Amino acid sequence: MYSNNHHHDGHIAVSVPAAIGIQAALIEANPKKFYKPPYVGGAGWVGIELPRVKDKELALHLHEAWRLIAPEKLHALLENRESKNRSGGKPTFLT
């Protein structure tokens with residue numbers, strides 16, 4: 001979920017679901033980069049300040065968030081794609 005200064009809170013960020021315990025660990029480690037977002041923060045989601053995160057790190061968080069909420073059927077397709085990419089084969093999903 002994207003936030004652009006929602007209710008003038010000063011955050012230009014994305015909020016993503018996080019595994020149990022990850023939200024608190026990220027916020028504690030770097031409170032300028034991560035925060036507990038309104039509405040979904042109580043469910044463990046974490047806010048990520050876009051000006052403070054590099055693209056590669058953001059991609060990692062988005063990928064992990066997707067894994068948390070994607071149906072199991074899609075997990076298998078992604079694992080198949082990643083396996084083909086590692087072995088040099090042409091991926092058949094999410095090209």
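Strands β1 and β2 run antiparallel and are joined by three bridges. One residue pair shows where this happens: Asn 4 has Ile 12 of β2 as its bridge partner. As the model is a predicted one, what follows describes the arrangement found in that prediction.

On to the pairing of β2 with β4. Strand β2 covers residues 12-16 and strand β4 covers residues 46-49, and the two pair in the antiparallel sense over four bridges. Two of the partnerships can be followed by eye in the structure: Ala 13 is matched with Glu 49 in β4, while Val 16 is matched with Val 46 in β4.

With these pairings in hand, the whole sheet can be traced. The sheet is open, its four strands follow the order β1-β2-β4-β3, and the pairing is antiparallel. Because β1 (2-4) and β3 (34-35) stand at the edges and have a single partner strand each, one side of each is left without a neighbour in the sheet. In general, the strands of a sheet pair through backbone hydrogen bonds, in either a parallel or an antiparallel manner.

A helix completes this picture. Helix α2, made up of residues 55-69, lies across β2, β3 and β4, and α2 runs at about 30 degrees to β2. Strand β2 itself is mostly covered, with four of its five residues buried.

Definitions and conventions: Residues are numbered from 1 along each chain as its sequence is written. This is a predicted model: local features need pLDDT of at least 70, side-chain atom pairs count only at pLDDT 80 or more; totals for chains, interfaces and linings use all residues. Side-chain values use heavy atoms; hydrogens and water are left out. Two strands pair if DSSP finds at least two bridges between them. Contact means heavy atoms within 4.5 Å. Axes are lines fitted to C-alpha atoms, for helices over the stretch in contact, and angles run from 0 to 180 degrees between N-to-C directions. Buried means under 20% relative accessible area, exposed over 50%, partly exposed in between (1.4 Å probe, protein chains only).
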